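User: Hi! Could you walk me through this one? I'd like to get a feel for it before I go back to the bench.
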Amino acid sequence: MSSQNGFYRFTGTDDYIVSPSLVDAVNCAIALERPLLIKGEPGTGKTLLAENVARALGMPMESWHIKSTSKASEGLYVYDTVQRLNDARFGDGDVSDIRRYIRYGPLGRSFSAEERTVLLIDEIDKADLEFPNDLLLELDQMRFTVMETGDEVVARERPVVIITSNNERELPDAFLRRCVFHFIEFPERELMQKIVAVHHDNLDSKLLDQVLIKFYWLREQNDLRKKPSTSELIDWISALLKSGISQDQLESHIPFMSALLKNEQDTEALSRYDDRGGELPTQWSDLGPRYNQ
Amino acid sequence: MFLDLFYGLRKAGIPVAMQEWRMLLESLEQGMHACSLLHFYHLSRACLVKSEVWFDAFDAVFAEVFEGVEGALDIEDEVMKWLRDPKAAEQLTAEQLAELERLTHSELMKRFLETLAEQDERHDGGGRWVGTGGRSPYGHGGVHPTGIRVGGPGRNRSAMKVAEERRFRDYRTDQTLDLRQTRVALRRLRNLTRSGNASELDLDETIDETCRNGGEIELVFRPPKRNNLRLLLLMDVGGTMDPYYEPVSRLLTALHEERGIRDFRSYYFHNCIYEHVFKTARLAASDAVPTGELFRMLNERWKVLVVGDAAMHPAELLQSYGNIDPRVVSETPGIDWLHRIAAHFNRSVWLNPDDKRYWDQTQTTRVIRRTFPMFQLSVDGISEAVQALIGARVQA
């Protein structure tokens, strides 16, 4: 954590490498106290970002993983009527105290926390269309009222809100307008080398080159339905290292394909390429100009 | 110049409103841009643009507005070395700031080069020399409001270079058809009703029933909400549609995976619809289904999505015996079948993979457009088509 000019500054952590544009977006969101909306391909570390921001700034984290059945009000609090009904029927505890049956959700907890927290709202696009709109006021003002008791919960310290979206559906304009937006691009060669180094620091540089050449080549294949992502690359390298494969073996074929391609059709598409006698690239110059700057 | 950016973006069709603009100004007030065009580029993109779909248009506008602002400066290595290791910034009073603001950009450039020529050692802080953390207009980590930024940590690419690369071209939605984005568009196809097994606890009813039951708990369940939409896909294959096979098969995959839809059928045809449609894209005779059968099996509430380029010989569409398939004799002209489809189903749309600009040049496309609302086969076009299928009625 570094505190400069009176506000927190995030610069990434030892094992989470960020691009300069993401750093700017995160700091902008922190300084403006606005939610940060993160989009990007699956497997580019959207969720990890929140954990690392929390770690770097030394703040506790609340996470709220959205499902298709999630409702906005659940994030604030849940009033457990059935429990109360049950207690009333069987006479357990003091039923007249409604507060006993109010349970705060992640949003409610981070608002009522003593210190500033990082609040992750993960995969907001999984929920119903209206979900983000239902949260507008609460995220704007960082306060809400518990209807059943009339208690008002006001955030003492506005939490750093990080929202991720997998692009499953569009988010409403009014919601977008209030967010700082960042799209995590797929890491390019240089950044990817740094990212890989964080996970596998003793990798031979020639082997790494071969691995990345194959990886980026695979991503360029248009007939793939699901392109392999960073997290798959890391897994693949782990598999390669465990099996002790050498750089020469990598040149002519791609072992442990199942770590990279998770889709039957994709595996077939690639074996068709093999059958046609297609050659695998072995040098950066075999790839397009965007890898050779 | 900043307002140029704002209006430039609006002119390019990017939805930027005052709220976003104020967000950017607020972040600039806080000094988040650190007097660097690259940081400013990141900031303005994060604040103003809320979807990667618009990144490419943003890059184009940004590059145009700020062209030439970030001139390439030929700085000696040693000067850069001083700059690479910054010292903390000093705080300025309002008067000092106001005085500094008076310098114009060209004046500044001139003086910068002069100063650079005179300077012979490292400076940090202070108000004249090139260095870090000072209020001199040159260097970085300093506080000069209109100053020239020279080097600095983390500066690997310039904003202009980033903007000019236009790396987000692939994310545009008005020209491309991405599987994932298509699914987003198709997800709007829905018509929620309660049907099926009662599996969801109806709390209000439960409480009412429990009260009526004298406090004995009585749980009431209801069926959950489900998408009640039925979709019929009619797709042109072969011939002129060959180049579009790839995007169309992607669309088909997306539709199949869209399990939220209650019912989905797809049939194929070649060029135009006649007496028969086919269950598979091979158009084998054994797969033929009489088109009239569709009207019998499917009621008018089914939504119809036709995918085809609508470009064919006028005779194929308008004349009797127009079917170019030699195996069959089609007495009724294709256009009559199209009319029947449009008349039987309440809502139907046509998706055309050809570029919108060329539609009017083809006679058959013009004719078909009179019967079906036509949209381009792109993510944006599909969104509009979905609107036409479920939203308020649109004139054909």
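Analyst: Happy to; we can go through the chains, their contact, the cores and a few single residues. Please keep in mind that this is a predicted model.

User: Good to know. What helices and strands does chain A have?
Analyst: Chain A has 13 helices and eleven strands. Of its 293 residues, 33% count as buried. Among contacts in chain A between residues at least 6 apart in sequence, 75% join residues at least 24 apart.

User: And chain B, how many helices and strands?
Analyst: There are 16 helices and 14 strands in chain B. Chain B has 396 residues, and 35% of them count as buried. For contacts in chain B with a separation of 6 or more, residues 24 or more positions apart account for 67%.

User: How many residues does each chain put into the contact?
Analyst: Chain B gives 27 residues and chain A gives 26 residues. On the side of chain B that touches chain A, the elements giving two or more residues are α2, α3 (37–48), α9 (179–186) and α10 (203–212).

User: What's the chemistry on that side of chain B?
Analyst: The side of chain B that touches chain A divides into twelve nonpolar, nine polar and six charged residues.

User: Let's zoom in on α2 of chain B. How do α1(A) and α2(B) cross?
Analyst: Their axes come within 10 Å and cross at roughly 90°. An angle from 65 to 115 degrees counts as roughly perpendicular, so α1(A) and α2(B) are roughly perpendicular to each other.

User: Which residues make that contact?
Analyst: From α1(A) you have Cys28(A), Ala31(A) and Leu32(A), and from α2(B) there are Met23(B), Glu26(B) and Ser27(B). By class, the residues of this contact are four nonpolar, one polar and one charged.

User: Switching to the inside now. Which residues touch the most other members in the largest nonpolar core?
Analyst: That core has 71 residues, and the ones touching the most other members are Cys28(A), Leu36(A), Val53(A), Val118(A), Ile162(A), Ile163(A) and Val180(A). Helix α1 (residues 20–32) of chain A gives the most to this core, with eight residues. You'll recognise Cys28(A) from the contact of α1(A) with α2(B).

User: Nice link. What is Val53(A) in contact with, leaving aside its neighbours within four places in sequence?
Analyst: With those left aside, Val53(A) is in contact with Phe10(A), Val26(A), Val118(A), Val160(A) and Ile162(A). Apart from the core that Val53(A) belongs to, there is another one of 40 residues, among them Val237(B), Tyr274(B), Leu305(B) and Ile368(B).

User: Ile368(B), where does that sit?
Analyst: Ile368(B) is one of the α15(B) residues touching α14(B). The axes of helix α14 (residues 334–344) and helix α15 (residues 363–371) of chain B come within 10 Å and cross at roughly 25°. Angles under 35 degrees count as roughly parallel, so α14(B) and α15(B) are roughly parallel to each other. Their crossing is right-handed.

User: Which residues pair up there?
Analyst: The α14(B) side uses Ile335(B), Leu338(B), His339(B) and Ala342(B), while the α15(B) side uses Val367(B), Ile368(B) and Thr371(B). The contact has five nonpolar, two polar and no charged residues.

User: What about backbone angles, say phi of Glu123(A)?
Analyst: Phi of Glu123(A) is near 55°, a positive value in a residue other than glycine. Most residues other than glycine have a negative phi. Glu123(A) is in the loop between β7 (118–122) and α6 (131–141) of chain A.

User: Is Glu123(A) buried or exposed?
Analyst: Buried: Glu123(A) has 21 other C-beta atoms within 10 Å, and 20 or more is the cut-off. Phe256(A) also has a phi near 55°, in the loop between α11 (247–252) and α12 (257–260) of chain A. Phe256(A) is partly exposed, with 15 other C-beta atoms within 10 Å.

User: One last thing: where is Asn271(B)?
Analyst: Asn271(B) lies in the loop between β9 (263–269) and β10 (276–278) of chain B. Asn271(B) is buried, with 25 other C-beta atoms within 10 Å. Asn271(B) and Met312(B) are 41 residues apart in sequence, and their C-alpha atoms are 6.6 Å apart in space.

Conventions. Residues numbered from 1 in each chain as written. Chains lettered and ligands numbered in written order. Predicted model: local features only at pLDDT ≥ 70, side-chain atom pairs only at ≥ 80, totals over all residues. Core = buried A, V, L, I, M, F, W, Y, C linked by C-beta atoms within 7 Å. Buried ≥ 20, exposed ≤ 12 C-beta atoms within 10 Å, placed from the backbone. Helix = DSSP H or I, 4+ residues; strand = E, 2+ residues; numbered from the N terminus. Contact = placed C-beta atoms within 7 Å. Axes fitted to C-alpha atoms, helices over the stretch in contact; angles between N-to-C directions. Parallel < 35°, antiparallel > 145°, perpendicular 65-115°, else oblique. Nonpolar A, V, L, I, M, F, W, Y, C, P; charged D, E, K, R; others polar. Left-handed = near helix turned anticlockwise from the far one by under 90°.
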